[in-house]
Amino acid sequence: MSVGKSVHHDSAVGHVTGTSVFIDDRPRLKNEVFVGVIGAPVCAGKITKIDGSAALKVDGVYGVFTANDIPHNNWGTIVPEQPILAFEKIGYIDEPVCVVACRDEETFNKVKKLVKIEAKEEKPILSIDEAIEKKSILCEAKPFIRGNVDEVLKKSPHTLKGAFECGGQEHFYMESQATIAYPLENGQIEVHSSSQHPTETQHVVAHALGLDYSQVVCIVKRMGGGFGGKESQAAHFAAMAGLVAYKLNRPARLALTKDDDMMMTGKRHPFKNFYEVGFDDNGLITALKVHIYANGGAYVDLTPSILDRAMFHADGCYYLENCYIEGKAVRTHQHSNTAFRGFGGPQGNMTMESIIEDIAHYLKKDSFEIRRLNLYGKDSRNVTPYNQVVEHNVLPELFDKLHKDSDYEKRKAEIKTFNEKRNGKLRGLSMTGAKFGIAFTTKFLNQGNALVNIHLDGTIQVSTGATEMGQGVNTKMQQIAATCFGIPHTNVVMMPTSTEKNHNTSPTAASSGADINGGAVFKACEDLLSRLRWVFNELHNSGIQYDTIKTMPPVDLSVDLSHIEFVDSMVVDTKTKKSMAFKDLLKQAYLNQFSLAGYAFYKTPDLGFDKNTCQGRAFNYFTNGAAVSEVEIDEYTGELKVLRTDILMDLGRPINPGIDIGQVSGAFVQGMGWVTTENLFYHESGKLLAHSPTTYKIPNIQDTPRVFNVELLENHTNTRNVMRSKAVGEPPLLLGASVWTAVKNALFYRSKGEVPHITSPATNEVILMELNRYE
């Protein structure tokens, strides 16, 4: 059985040897052109002139295209308000305004300054506070309300008020936005894109050019990382390449540099959340009121859904008997912020973790004690603010086990002694949790389909709507199919994702790529297995080797044939003990004219959140986890080191434990980077200055915890997902917050009883400024 084994990633050898093919690795065709993108010169204003005449005089320049060349220029996943190429109004600095078709990238770099873009500049809105003041609201959500918050806050023994503020985050995928469009016969176009959402890319390209969806095929072999940044924002770059290919009838290649990619594309949403919390002497939360504000940037993009998820996760792992959770997003003159691993969940969850840390500091208690007291329960205190029961809750088990296994109490005492010595170093310790809902909060997206083709040599090709961005979803699909048919996983080949084989697909996002597409693969395999079992049963019951001359009796799939099993490339009747090779059965099925192709559609069952009442089952299930992090701060420089992190994750019954542990580790480090070093620094004019590896600091190997322990909790209770597994992509990122709360814990030792107030990311500068406040 392949499922449950740590088989290596299906592209591991290719990645290591450099033979894996990404978009820009595709061979150049003889008549191919390079597509360069030129952005807006100011943050806000109106375009008054675009002049590409000088560039067009240069040899090797084939065209300068603007919004006037696009039949339908607006696009948007939720609201089609964003221009593919800006016209008249400018939303943000470096917003794409025109594209230049050139012989090659070298030619583009020579001529891009010859294209003149003139604009009448206006005063931009560049912060959440400014947008709130000017009432620049992009969208708002109905609040979650339970109990009587105001009344309980008045009666609470203790209350705290404050604001939690966290910055954005650059996706920093290794492969920048890239696409190649090939013009075909009859006005058709084939688009190869580094996209998490082939169907949306297909639709945006078709709509932009005035084509039918059936005239455009989008193919995604793999991405060099995505993290949400290619869920929506790959589409309009594909449309730019498609425009050039369509206009010139030549293949068109667009591959942004890292600098252009960072300046032109959206990030994780910065948030500023205002709260008031009431609690008793023990730290039990009696009431919580939260007003969430997200910086959506210039356009809607996916902001409404991200805002929803931030509200869904504002409770964290903790039961709130009385709560009011309100969400609004503001519109600013910054890049249109978009999906990022966690999709608003980290911003909501971290707010709650920060509040709990503050309660602990206020009461002079350890924060673990406060967290453990407020955790969701098993049989009571187990209903969310939106009225979904937290089923099979393992949070108490996770917290207790990790508390013991990490030697939390011993280390806490050692840290107290260490900090009392005042040797220029300061240490802190904190545990945080994750209760991450798995499903798209937009109900119709919870669907997928799969095509499974069995060949007569016993090998299988599988096609799904899932896109591979390094997370190993293809390997998991391999293992599901291989387990169904009892064959080695190496006999299953995952085909490039293509809208001609798998249409109307959802994005590979919301941590549900393996869930939805794995469910479809499993159903397609089960359909094929039912036919093959029937053929096997008929062959052995009759004792006749049917061929194309004889006629099989009518197929009756209502008969229970579960005793016929597929194991080790054999088919075995456990009742009669008769068996035959898998390949021999395939031959007999083919000779008797049975289809060896299976197509299946899957939808996540029983979802039913009502946005009008803010009640219902928003998620299929919850993935849970906890992390303990210990940090050390240099009191003279603010330099931060993560000494140790212990993680315990509940991933159900993993399809591939090795890949899942890799996902947990990577997600944590990415979350840790968001809350420590990854600072998006802007010029006062609004231009992003941190737009390269030299100015934007992602974690490197020296930033990772010196001691890093990751363990998976054994849990077979999740019957709501394929093979009792649980999603892993996003939930562990929330645990990066434990590093930030550990910084707050460390600062408390020097804050003279005051509750530390720091923003995220807790850069060296932020830490040093806070320490200076205490002198």
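This report walks through some helix packing, core and loop details of a predicted model.

## Two helices that cross

Let's start with H17 and H18, which cover residues 657-676 and 737-748. Their axes sit 7 Å apart, and the angle between them is about 40°. That angle is over 35 degrees and under 65, so H17 and H18 are oblique to each other.

On the H17 side, the contact is made by Phe668, Met672, Val675 and Thr676. H18 brings Ser738, Val739 and Trp740 to the contact. Sort the residues of this contact by type and you get 5 nonpolar, 2 polar and no charged.

## The nonpolar cores

The largest nonpolar core has 96 residues. Which of its residues touch the most other members? Those are Val277, Ile359 and Val743. Setting aside neighbours within four places in sequence, Val277 is in contact with a list of residues that includes Leu153, Leu160, Ile285, Leu288 and Ile355. Ile359 is on that list too, as are His158 and Thr159.

There's also a second, separate core, this one of 50 residues. Among them are Val3, Ala524, Cys525 and Ile564.

## An enclosed helix

Helix H9 runs over residues 303-312, and 9 of its 10 residues are buried, so H9 is largely enclosed by the rest of the structure. The buried residues include Ile306, Leu307, Met311 and Phe312, but Asp308 and Arg309 are buried as well.

## A buried asparagine in a loop

Asn721 belongs to the loop between strand E31 (707-713) and H18. Is Asn721 buried or exposed? Its relative accessible area is 7%, which is under the 20% cut-off, so Asn721 is buried.

The Asn721 side chain makes a polar contact with the side chain of Asp515, at 3.0 Å. Once neighbours within four places in sequence are left out, Asn721 is in contact with Asp515, Tyr621 and Lys726.

## Backbone oddities in the loops

Further along, the peptide bond joining Ser760 and Pro761 is cis, with omega at about 10°. Pro761 lies in the loop between H18 and helix H19 (764-773).

Lys364 and Asp407 are worth a look for their phi values. Phi is near 60° for Lys364, a positive value in a residue other than glycine, and Asp407 has a positive phi too, near 55°. Lys364 is in the loop between helices H10 (345-363) and H11 (367-374), while Asp407 is in the one between H12 (395-405) and H13 (408-420). As for accessibility, Lys364 is exposed at 61% relative accessible area, whereas Asp407, at 41%, counts as partly exposed.

Definitions and conventions
Residues numbered from 1 in each chain as written. Predicted model: local features only at pLDDT ≥ 70, side-chain atom pairs only at ≥ 80, totals over all residues. Heavy atoms only, no water. Axes fitted to C-alpha atoms, helices over the stretch in contact; angles between N-to-C directions. Helix = DSSP H or I, 4+ residues; strand = E, 2+ residues; numbered from the N terminus. Parallel < 35°, antiparallel > 145°, perpendicular 65-115°, else oblique. Contact = heavy atoms within 4.5 Å. Nonpolar A, V, L, I, M, F, W, Y, C, P; charged D, E, K, R; others polar. Core = buried A, V, L, I, M, F, W, Y, C linked by side-chain atoms within 4.5 Å. Buried < 20%, exposed > 50% of the residue type's maximum accessible area, 1.4 Å probe, protein only. Polar contact = N/O pair within 3.5 Å; in protein donor to acceptor, adjacent residues only side chain to side chain.
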